[in-house]
Amino acid sequence: MSATINCREFAKYFGTPVRGKMNPAYIFEVEGRPYAIDEYYLDDLHNLLPQKLPHLDDPYISVEMYNLAISLIQSFDELEGKDSSNAENGGGVTSSERGSVLVFLPGMYEISYMQEALAKLVHKRLQVYPLHSSVTLEEQNGVFLLPVPGYRKVILSTNIAESSLTVPDVRYVIDFCLARHMVCDEDTNYQSLRLTWASKTNCNQRRGRAGRVSKGYCYRLVTKEFWRNEIPDSMIPQMLLAPLATIMLKVKLLDMGDCRSLLSTALSPPNLSDIARTVLQLKEMGALSGKSDGRSRFDDGELTFLGRVLAHLPVDLYLGKMIVLGHVFGCLDECLIIVFVCAVFFSQDELDWGRENFIQMKRIREVAELYEDLKKRVAQFNMLVPDDTQPSDYTSVHRQKFILQVVIAGAYYPNYFVQGDIDEDLASRELSGFNHRTTVRNLPPYSFLYYKQLQSMFRLCGQVKTISFDCSRAYVEFYRTSQNSGELPEVSLALLLNQKSHTLELSVYPIDQIEMCKLCLKTTLNVFCLLLLHRVSVDFQSQTVSPVDVVSCIIDPDKIPPNRMFIVTITEVVEVGHFWGFQADDASLEKQRHLTTEINNRTLDPVAVSLYPNLLCLAPFSEANAQCLYYRAKILHVRGNSVEVFFLDFGNTAVVTCSSLRELPSDLLSHPFQAQEFQVIGMRPSAQSMILGNQWSSLARDRFIILVKGHSLMVSLYSIVHNIMRVELLTIIDMENTSVVDILVREGHAVKVEESYDSKQSHDILMSLYKDMETGKCVPNVVSSFWRERKKEEKEHIDNLLDHFSKSRQSFSKTKV
């Protein structure tokens with residue numbers, strides 16, 4: 001037998017009682033005759049280490065350790081060169097022989113990383129073979145072939161080569177002393193693959209892969225002290241690592257008595273208290289009944305139908321229960337797909353399609369096979385997937401989603417957690433007034449001097465609209481490329497980028513160099529410190545860096561309507577309570593007519609640049625049987641030969657051909673855009689609406705569209721949050737103004753709620769501004785003029801500072817963030 005076992009433990013287990021004492025079974029040792037194997041540790045590799053010995057704590061392979069292993073492989077040429085010189089004296093190896101190297105790595109990711117690194121050593125003439133459970137049989141056979149003359153064979157293997165596999169020409173073993181094991185958490189009872197230190201018995205088994213046909217060398221990439229004190233002598237038995245609940249269900253299927261008595265006779269028995277706790281867990285989830293042999297027992301129970309099904313399913317018990325509940329509630333197929341996701345449509349050329357979409361087709365097929373296998377297993381218990389499982393309409397789809405949520409909740413009962421109420425005051429201060437749906441926040445504290453580098457970092461995620469620097473934080477805001485109010489995919493991508501293991505770097509100026517520039521720019525210390533601590537915003541559309549006043553950032557006096565009550569023509573409904581429109585008073589309508597006439601009386605040129613989202617342009621639009629006119633617009637999506645555009649003065653969208661777009665003259669940008677985004681205050685979806693829809697049911701959406709779209713309705717401005725006007729919306733019913741919220745609540749689509757902290761804060765500021773305007777204390781144009789004058793001076797200092805460093809040719813220092 002090749003694998004190493006704990007002989008004493010087996011001898012003790014199979015011992016026989018003699019005179020009241022247990023005598024262990026006899027152990028016969030048969031010594032092998034391998035060649036000598038020299039062992040080396042990190043302490044012995046000072047010449048290859050770039051610095052002092054690395055600190056070993058958590059099981060992890062750092063970049064430095066990968067580089068050390070690669071340096072070791074390169075050093076074998078020098079080692080064999082010395083041996084070949086001794087060959088002439090009757091020993092060693094000839095220069096034509098190059099011993100193979102076996103490197104033990106914990107998993108596929110580590111193997112891929114090292115394989116890529118070794119591939120760069122072209123001049124070293126290496127033949128690299130990965131060896132793990134997913135390698136095909138043909139690829140595995142390559143491990144046993146002799147390398148091309150003059151080349152060295154390097155095998156990168158998981159512990160699959162630890163035992164029962166011998167490659168005769170392996171002379172060198174490099175062992176990171178790591179392994180991945182399936183570990184069951186004692187508290188949650190969930191299994192997960194964890195990176196752990198391998199045991200001494202495992203590592204000694206790995207060492208034995210060398211020295212089969214000649215002298216061998218084993219390099220353990222840990223220190224001698226760590227090997228003695230931290231590496232465990234032997235691995236924990238699988239009986240103690242596997243989920244105890246699954247083992248107990250298998251035991252109950254055998255019908256060999258109660259679990260406690262049977263498991264206590266195992267070679268490595270689990271803790272008796274754990275057995276009692278697991279019995280309670282199985283009773284709680286319904287896998288065991290409360291009685292055994294017709295009487296109530298605390299430490300045992302009869303196997304129920306659910307328990308019998310769970311014992312036959314190769315999945316986590318809670319997932320198995322979800323499958324059973326899926327059958328009961330009529331969503332079995334959805335539950336099976338949750339367990340094994342396999343909803344992938346294959347093109348004719350699967351391999352090309354897989355490569356283009358970064359999908360391993362082999363893995364997809366394996367998952368599909370597991371899905372079919374699971375479906376056959378549950379069919380044995382008369383749980384069948386219906387032929388037609390697709391709901392017929394919108395309401396049925398969302399009712400099915402709600403039922404699926406109930407099934408998942410029932411499967412994991414009582415393992416729930418409840419999110420507490422959010423401290424909106426604290427959250428608002430944390431966000432500094434920015435919209436969390438479009439903004440990535442909590443970036444490291446870097447000044448506006450490096451805004452171009454930050455823009456470059458996030459360019460792969462989407463089009464950056466602004467970057468705002470507020471004291472020690474930076475906020476990256478992306479353009480909204482759709483009209484829905486959900487979180488932007490660009491934000492999700494940016495957050496994922498921030499969580500990547502590789503380090504993001506900015507090239508920053510030394511602090512003393514920044515402080516020195518105030519002398520050459522003749523800037524006072526107070527102004528200079530203000531620039532570094534004040535809120536600064538970078539607009540990439542206009543390529544400007546400007547200071548921002550905190551109050552004016554919340555509400556710009558120039559942009560609020562003269563009166564709280566005004567009429568709005570609603571042009572586009574995004575969602576229930578969320579819509580676009582424009583003010584329908586005489587002054588606003590006259591501005592629109594004048595602007596439309598000016599645009600369409602000009603000779604318009606085709607767009608000269610390549611089209612991209614958020615590009616400002618002129619786009620055509622026409623009502624039924626009306627003349628086609630051009631209006632100011634921005635591109636939302638480019639779809640082949642057509643584009644979806646958003647009309648900036650009206651708020652509606654349309655799909656037009658790319659060739660129909662025209663350049664927007666720069667002088668027409670001076671007119672403020674008339675379209676405004678609105679949100680109705682004080683409501684959210686009712687429970688009934690959420691059951692019948694995603695958030696709002698189709699009935700609620702249709703009802704809201706009938707009430708508002710295309711109509712001119714009265715609104716009462718409550719607050720402005722993230723440039724969205726939050727309003728009370730009124731419609732005329734029976735010759736009286738009636739709140740749209742009251743109508744939706746009365747019909748069961750919505751319920752009333754309080755406004756958010758941000759909205760209430762904005763409301764207080766807004767009411768104060770209106771009060772000052774009524775009493776004559778505040779005149780918007782005067783306030784804005786004073787504000788602009790002060791900010792103009794600060795902007796000059798910012799521009800001078802940016803100009804100074806853009807012309808500076810002094811070297812940067814690297815700072816990791």
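**Exercise 1.** In this predicted model, determine which parts of the chain are tied together by the salt bridge between R726 and E755, and classify each residue as buried or exposed.

*Solution.*
Step 1. The side chains of R726 and E755 form a salt bridge, with an N to O distance of 2.6 Å.
Step 2. R726 belongs to strand β28 (residues 724–733), while E755 sits in the loop between β30 (750–752) and α27 (757–775); the pair therefore ties together parts that are 29 residues apart in sequence.
Step 3. Buried means under 20% relative accessible area. R726 has 18% relative accessibility and so counts as buried. E755, at 11%, is buried by this criterion as well.

**Exercise 2.** State which residues are joined into one network by salt bridges that share partners, and how many salt bridges a search of the whole structure finds.

*Solution.*
Step 1. Shared partners join E39, R207 and R220 into one network.
Step 2. The search of the whole structure yields 21 salt bridges.

**Exercise 3.** Analyse the salt bridge between D169 and K153 in terms of location and accessibility.

*Solution.*
Step 1. The two side chains, of D169 and K153, meet at 3.2 Å, N to O.
Step 2. K153 is in strand β6 and D169 in the loop between β6 (152–157) and β7 (170–175), so the bridge ties together parts that are 16 residues apart in sequence.
Step 3. With 0% relative accessibility, K153 is buried. D169 has 21% and is therefore partly exposed.

**Exercise 4.** Locate the partners of the salt bridge between D667 and R602 and assign their accessibility classes.

*Solution.*
Step 1. The D667 and R602 side chains meet at 2.5 Å, N to O.
Step 2. This pair links distant parts of the chain, 65 residues apart: D667 is in the loop between β24 (653–657) and β25 (676–680), and R602 in the loop between α23 (586–600) and β21 (616–621).
Step 3. D667 is partly exposed at 37% relative accessibility. R602, at 30%, is also partly exposed.

**Exercise 5.** Describe the surroundings of I743, leaving aside its neighbours within four places in sequence.

*Solution.*
Step 1. I743 lies in helix α26 (residues 740–746).
Step 2. Its relative accessible area is 1%, so I743 is buried.
Step 3. I743 is in contact with R703, L707, T731, I733 and T738.
Step 4. R703 is 40 residues from I743 in sequence, yet their C-alpha to C-alpha separation is 9.7 Å.

**Exercise 6.** Identify the residues of the negative surface patch that includes E230, and place E230 in the fold.

*Solution.*
Step 1. The patch is formed by D57, D58, E225 and E230.
Step 2. E230 is found in the loop between α6 (224–229) and α7 (238–241).
Step 3. E230 counts as partly exposed because its relative accessibility is 49%.

Methods: Residues numbered from 1 in each chain as written. Predicted model: local features only at pLDDT ≥ 70, side-chain atom pairs only at ≥ 80, totals over all residues. Heavy atoms only, no water. Patch = residues over 30% accessible without salt bridge, like charges linked within 9 Å, V, L, I, M, F, W, Y side chains within 5 Å. Areas by Shrake-Rupley, 256 points an atom, 1.4 Å probe, with all protein chains shown as cover. Salt bridge = Lys/Arg side-chain N within 4 Å of Asp/Glu carboxyl O. Lys, Arg positive; Asp, Glu negative; His and termini not counted. Charge placed at Lys NZ, Arg CZ, Asp CG, Glu CD. Helix = DSSP H or I, 4+ residues; strand = E, 2+ residues; numbered from the N terminus. Buried < 20%, exposed > 50% of the residue type's maximum accessible area, 1.4 Å probe, protein only. Contact = heavy atoms within 4.5 Å.
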